[in-house]
Amino acid sequence: MLIGRLLNGHASGDYRLLDSESEALLDHVRRLSGDQLYSRFMVDMDDAALVRWVRGTAFNDVIGWFHEGTLRATIEIGYRGQRAECGVTCEEPFRERRIGRQLFKRACDRARQQGATTMAMLSVCNGQRAVETMLDHPDWMVSRCYSRSIILPHAEPPNPLWLVRPLDQVTGFLDRILPSRSTSDA
């Protein structure tokens with residue numbers, strides 16, 4: 001079942017670090033629903049706030065996923081010393097196709113290159129889907145006590161959860177299902 005979902009849900013596209021695509025980024029976030037915007041930013045965002053956010057991303061790295069030449073998903077990475085933080089957006093027609101996971105993998109690689117040792121993501125535990133999503137990532141540590149958000153300094157959600165992942169211990173799928181692979185020859 002999982003293999004079928006992976007193969008059938010795949011969406012082709014190109015991943016790249018955004019440089020001067022601020023208009024594409026603004027168009028992308030404008031296509032997100034109100035719920036998706038709230039989930040990403042932890043506050044209601046009007047158009048002026050979206051414009052300010054796009055201008056502010058110049059201080060962070062943003063990796064985008066382009067489908068047929070149009071930006072459809074992003075991951076923003078902010079840095080503070082050895083700590084990196086990320087926030088993901090993905091337009092509705094492309095959700096549940098593993099694009100976010102691919103973006104996250106690329107974000108971890110980028111953060112390691114920048115000297116980060118941990119990646120964090122602010123989340124709000126809203127119901128069963130959020131819990132299942134967290135449980136689906138065995139390498140995450142869940143914490144209610146972390147520090148103020150790098151990429152969302154205004155965010156003070158009522159039930160915050162920080163998902164924190166050490167970057168020096170990221171394991172692959174085969175290492176998780178075949179434990180002997182990661183401990184052999186150690």
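Biologist: How many of the eight residues of strand β4 (residues 83-90) are buried, and what follows from that?

Modeller: Seven of the eight are buried, so β4 is largely enclosed by the rest of the structure. Please keep in mind that this is a predicted model. Two of the cysteines in β4 can be looked up one by one. C86 is buried, at a relative accessible area of 3%, and C90 also counts as buried, at 9%.

Biologist: Which strand pairs with β4, and in what sense?

Modeller: Strand β3 (residues 70-80) does, in the antiparallel sense, over eight bridges. One pair to find on screen is E76 with its bridge partner G87 in β4. The hairpin of β3 and β4 has two residues between the strands, and there G81 takes a positive phi near 65°.

Biologist: I always look for disulfides. How many are there, and where is the cysteine sulfur nearest to that of C86?

Modeller: The test is simple: a pair of cysteine sulfur atoms must lie within 2.5 Å. By this rule the count comes to zero. For C86, the nearest cysteine sulfur belongs to C108 and is 6.8 Å away, so by the 2.5 Å cut-off C86 is in no disulfide.

Biologist: C108 brings me to helix α5. Which residues of α5 are buried?

Modeller: A general idea helps first. An α-helix has 3.6 residues a turn, so residues three or four places apart point the same way. Now the case here: in α5 the buried residues are I99, L103, F104, A107, C108 and A111. The helix covers residues 99-113, 15 residues in total, and its first and last C-alpha atoms are 21 Å apart, close to the 21 Å expected at 1.5 Å a residue. Just after α5, G115 takes a positive phi of about 95°.

Biologist: Which residues other than glycine take a positive phi?

Modeller: Two to look at are E68, with a phi of about 50°, and R98, with a phi near 70°. E68 sits in the loop between β2 and β3, while R98 belongs to the loop between β4 and α5.

Biologist: Is E68 buried or exposed? And what about R98?

Modeller: Exposed means over 50% relative accessible area, so E68, at 73%, counts as exposed. R98, at 27%, counts as partly exposed.

Biologist: How do I read a nonpolar core, and which residues touch the most other members of the largest one here?

Modeller: The general idea is that in soluble globular proteins, nonpolar side chains tend to be buried together. In this model the largest nonpolar core has 24 residues, and V29, F41, L50 and W53 touch the most other members. Elements that each supply at least two residues include α2 (22-30), α3 (34-41) and β2 (61-67). Helix α4 gives the most, with four residues. A second, separate core has 20 residues, among them A11, L103, A111 and L167.

Biologist: Beyond its sequence neighbours, what is V29 in contact with?

Modeller: Leaving aside neighbours within four places in sequence, V29 is in contact with L37, L50 and W53. You can follow another link from helix α4, where V51 lies. With residues up to four places away not counted, V51 touches L26 and R30. V51 and R30 are 21 residues apart in sequence, and their C-alpha atoms are 9.7 Å apart in space.

Biologist: Here is an arginine to check. Is R40 buried or exposed, and what does R40 touch?

Modeller: R40, in helix α3, has a relative accessible area of 5%; buried means under 20%, so R40 is buried. Not counting residues up to four places away in sequence, R40 touches W53, E76, G87, V88, T89, I151 and L152. You have met E76 and G87 already, as bridge partners.

Biologist: And for the whole chain, what share of the 186 residues is buried, and how many helices and strands are there?

Modeller: Buried residues make up 40% of the 186, and the secondary structure comes to eight helices and seven strands. The chain exposes about 10,900 Å², of which carbon and sulfur atoms supply 51%. As for contacts with a separation of 6 or more, 68% are between residues 24 or more positions apart.

Key. Residues numbered from 1 in each chain as written. Predicted model: local features only at pLDDT ≥ 70, side-chain atom pairs only at ≥ 80, totals over all residues. Heavy atoms only, no water. Buried < 20%, exposed > 50% of the residue type's maximum accessible area, 1.4 Å probe, protein only. Contact = heavy atoms within 4.5 Å. Areas by Shrake-Rupley, 256 points an atom, 1.4 Å probe, with all protein chains shown as cover. Core = buried A, V, L, I, M, F, W, Y, C linked by side-chain atoms within 4.5 Å. Expected span 1.5 Å × (residues − 1). Pairing = 2+ DSSP bridges.
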